[in-house]
Amino acid sequence: MPQTFFSLLLQPRAPLPQTDRLLLAAAVARVCAVDLAAVTIEQRCERCGGAHGRPRVLTPGGVHVSLSRAGRTVVVAVSQVGPIGVDLESVASVARAGFDDVAFNADERTALAELPVDERDRARAALWTTKEALLKLSGEGLTVDPREVTVALGPGGASALLSWPTATLDLSRVHVVGFDAGPGLVGTLALLGPRAPSLSML
């Protein structure tokens, strides 16, 4: 059985968020091989109805997207198989004082403290982008306390979901994949599907 493919597009961040949203539509058009005019994307909060929250592709059907920005880079993820969440973070931004207290639970803070000092910031960014990608995948975002989601570093700096007691997802179908986002950046993709993906970088 062929592996499922998910497409990622990395490029310089636009000055205005609206331009990044146009990039999102262009990525959908490219992956689905349709005209840009055939792509309709809605961004509406599921809680308050405001023009923010997770973007949804109305046309063409069966397409899921996610977008993240960090530093001077924007990443767009497109899936034709199932829900997807992507997060991008700069290593420097997670090194600020007090970050660990609001981002990580006691087990995660202990694991970070056991790492060599020069490895902690990159590990911190990997753990954080994993949490963010998972919360985007669920559609709940930071309405969920990120400390409820426990993640850990695996071999080679990859991250994995350990537990999420309040999850609304079928965790047996959740896959987490890190990707090279460029110097000083860490990227993580989370997706819901039958198997781990092969990534297509655009």
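1. Leaving aside its neighbours within four places in sequence, Phe104 is in contact with Phe99, Arg109, Leu112, Arg124, Leu127, Trp128, Lys131 and Arg147. This environment, like everything below, is read from a predicted model.

2. Phe104 also has a prominent place in the largest nonpolar core: of the 24 residues there, Phe104, Leu134 and Trp164 touch the most other members. Two or more residues of this core come from each of α2 (99–103), α4 (117–138) and β10 (185–192). Helix α4 gives the largest share, with 9 residues. Another core, of 16 residues, lies apart from this one and includes Ala25, Ala27, Val63 and Val74.

3. The packing of α3 against α4 merits a separate comment. The axes of α3 (residues 106–113) and α4 come within 10 Å and cross at roughly 155 degrees. The two helices are therefore roughly antiparallel to each other, an angle over 145 degrees being counted in that way. Their crossing is right-handed. On the α3 side, the contact is made by Glu108, Leu112 and Ala113; on the α4 side, by Arg120, Ala123, Arg124, Leu127 and Lys131. By character, the residues of this contact divide into 4 nonpolar, no polar and 4 charged. Leu112, Arg124, Leu127 and Lys131 are also among the residues in contact with Phe104.

4. Two points of backbone geometry should be checked by the reader in the structure above. The peptide bond from Thr59 to Pro60 is cis, with omega near -5 degrees. Pro60 belongs to the loop between β3 (55–59) and β4 (64–70). The second point concerns Ala33, which has a positive phi of about 55 degrees although it is not a glycine. Ala33 sits in the loop between α1 (17–32) and β2 (40–43). With a relative accessibility of 70%, Ala33 counts as exposed, since the cut-off for that class is over 50%.

5. Val75 is part of strand β5 (residues 73–79). Its relative accessibility is 0%, so Val75 counts as buried. Not counting residues up to four places away in sequence, Val75 touches Leu8, Leu9, Leu10, Ser66, Leu67, Ser68, Val86, Leu88 and Phe179. Val75 and Pro12 are 63 residues apart in sequence, while their C-alpha atoms are 8.8 Å apart in space.

6. Gly98 and Asp35 are likewise 63 residues apart in sequence, but here the C-alpha to C-alpha distance is 46 Å. Gly98 is found in the loop between β6 (84–90) and α2. Its relative accessible area of 40% places Gly98 in the partly exposed class.

7. Leu202 lies in the segment after β11 (198–201). At 32% relative accessibility, this leucine counts as partly exposed. Leaving aside neighbours within four places in sequence, Leu202 is in contact with Ser7, Leu8, Leu9, Leu10, Arg30 and Val31. Leu8, Leu9 and Leu10 are also touched by Val75. From Leu202 to Leu189 the separation is 13 residues in sequence and 15 Å in space, C-alpha to C-alpha.

Conventions: Residues numbered from 1 in each chain as written. Predicted model: local features only at pLDDT ≥ 70, side-chain atom pairs only at ≥ 80, totals over all residues. Heavy atoms only, no water. Core = buried A, V, L, I, M, F, W, Y, C linked by side-chain atoms within 4.5 Å. Buried < 20%, exposed > 50% of the residue type's maximum accessible area, 1.4 Å probe, protein only. Helix = DSSP H or I, 4+ residues; strand = E, 2+ residues; numbered from the N terminus. Contact = heavy atoms within 4.5 Å. Axes fitted to C-alpha atoms, helices over the stretch in contact; angles between N-to-C directions. Parallel < 35°, antiparallel > 145°, perpendicular 65-115°, else oblique. Left-handed = near helix turned anticlockwise from the far one by under 90°. Nonpolar A, V, L, I, M, F, W, Y, C, P; charged D, E, K, R; others polar.
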